[in-house]
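Hi everyone, thanks for coming. Please have a look at the model on the screen, and then I will walk you through its pockets and its helix contacts.

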Amino acid sequence: AACLSNLKFTAGHGLIGSSRAYDRISVPWGSNPITDHLLSSGDFQIIHHGASHNRVEKIQEIAEWELGVKHLRVCWEGNSKNENCGNCEKCLRTKLEFVLTQNNVPHCFPDWNKPIQLKGLKARSPRDRSRWKGLYQYAKKKGFNKKLLSRIKSVSKEKKTLISRIFPDGSNRKKMVFKMKN
C-alpha cells in the first residue's frame, strides 16, 4: 500500500490482489478484505480485489488473457527472481491448476511444453497440504483420471519424520519412552 501510494497522482486508487477467497479468509494474514481498505488515505483509496474467487477460479479467469499469463510470476524460490523456475512447489501447483482448468500451461514457465512432474514432491506445510487437498477435490469433482488424482493426493500427504516412524502415535514403544521420561 505504501508503494502504491507513490502512484496516487497517476492512478487515484490502488488495487491489492487477494491471497484467499472469502470462504478461506485468514485475518491475521498481512492482507485481507477486512483490513486492506484501512490503508487508504483521504486522497488515495486502497481496494482489496479478487476474494470472490479461489486460486483455481482465478487461473480460469486469466487463462485467456495473453498479456497477463505472459507476465505471470508465482515463483519466489528460483535463482532468477524475475521469472518462474518451473520446478518449485508453487510453480508446479500453478501449472497443474492451468491443466485442471483445461487450459494450456503458459509460456511464462520455462518448461511449459513438458509434462508436469509431481513424483517426489511433498507439500512442506499444513497450509500447502491444504492447498493440494483442495486441488485433489477439484480434480476429483471434474472427473480427472485416477493416476493424476493419486499423484495429487500423494503431494498432500504429511511426510513422516524419523521420530514419528520410530515412535508412531499409540505405539507401546512411544508410551514406554514417555513413562521413562516422566
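Let me start with the second largest pocket, whose lining has 8 nonpolar, no polar and 2 charged residues. Before going on, please keep in mind that this is a predicted model. So which residues line the second largest pocket? They are Leu96, Val99, Val105, Trp112, Lys114, Pro115, Ile116, Leu118, Leu148 and Arg151. Helix 5 and helix 7 are the elements that each give two or more residues to this lining. As for volume, the second largest pocket holds about 170 Å³ of space.

Now for the largest pocket. How much space lies in it? The value is about 1,300 Å³. A total of 39 residues line the largest pocket, and those nearest its centre are Ser19, Asn54, Arg55, Val56 and Lys58. Several elements give two or more residues to this lining: strand 1 (13-17), helix 3 (55-62), helix 4 (66-70), helix 5 (89-100) and helix 6. If you sort the lining of the largest pocket by class, you get 13 nonpolar, 13 polar and 13 charged residues.

There is enclosed space to talk about as well. Rolling a probe the size of a water molecule over the atoms shows where empty space is left. How many cavities of 30 Å³ or more are there? The count comes to 1 cavity. The largest cavity has a volume of about 60 Å³. It is lined by 10 residues, and Ser19, Arg20, Ser31, Asn32 and Pro33 are the closest to its centre. You may recognise Ser19, which is also among the residues nearest the centre of the largest pocket. By class, the cavity lining has 3 nonpolar, 6 polar and 1 charged residues.

Next, the helices, and please find helix 6 on the screen. Its residues are 126-141, and those of helix 7 are 146-156. The axes of these two helices come within 8 Å and cross at roughly 160°. Why do we call the pair roughly antiparallel? Angles over 145 degrees count as roughly antiparallel, and the crossing angle therefore makes helix 6 roughly antiparallel to helix 7. Their crossing is left-handed. From helix 6, the residues in the contact are Arg129, Trp132, Lys133, Leu135, Tyr136, Ala139 and Lys140. They meet Leu149, Ile152, Lys153, Val155 and Ser156 in helix 7. Sorted by class, this contact has 7 nonpolar, 1 polar and 4 charged residues.

What sits in the loop between helix 6 and helix 7? One residue placed there is Phe144. Leaving aside its neighbours within four places in sequence, Phe144 is in contact with Val99, Leu100, Ala139 and Leu149. From Phe144 to Asn32, on the other hand, there are 112 residues in sequence and 32 Å in space, C-alpha to C-alpha.

Let us turn to helix 5 and its contact with helix 6. The two pack at an angle of about 15°, and their axes are 11 Å apart. That angle makes helix 5 roughly parallel to helix 6. Here too the crossing is left-handed. On the helix 5 side, the contact is made by Glu89, Arg93, Leu96, Glu97 and Leu100. On the helix 6 side, the residues are Asp128, Arg131, Trp132, Leu135, Tyr138 and Ala139. By class, they divide into 6 nonpolar, no polar and 5 charged.

My last pair is helix 3 with helix 5. Their axes come within 9 Å and cross at roughly 60°. Is this crossing left-handed or right-handed? The crossing of helix 3 and helix 5 is right-handed. Arg55, Val56 and Ile59 in helix 3 meet Lys90, Arg93, Thr94, Glu97 and Phe98 in helix 5. This contact has 3 nonpolar, 1 polar and 4 charged residues.

That is my tour, and I am happy to take questions.

Key. Residues numbered from 1 in each chain as written. Predicted model: local features only at pLDDT ≥ 70, side-chain atom pairs only at ≥ 80, totals over all residues. Heavy atoms only, no water. Axes fitted to C-alpha atoms, helices over the stretch in contact; angles between N-to-C directions. Helix = DSSP H or I, 4+ residues; strand = E, 2+ residues; numbered from the N terminus. Parallel < 35°, antiparallel > 145°, perpendicular 65-115°, else oblique. Left-handed = near helix turned anticlockwise from the far one by under 90°. Contact = heavy atoms within 4.5 Å. Nonpolar A, V, L, I, M, F, W, Y, C, P; charged D, E, K, R; others polar. 1 Å grid on protein atoms, 1.4 Å probe; cavity = no way out; pocket = protein on both sides within 12 Å on 5 of 7 lines; lining within 4 Å. Points joined across faces, edges and corners; volume = space filled by probe spheres on them.
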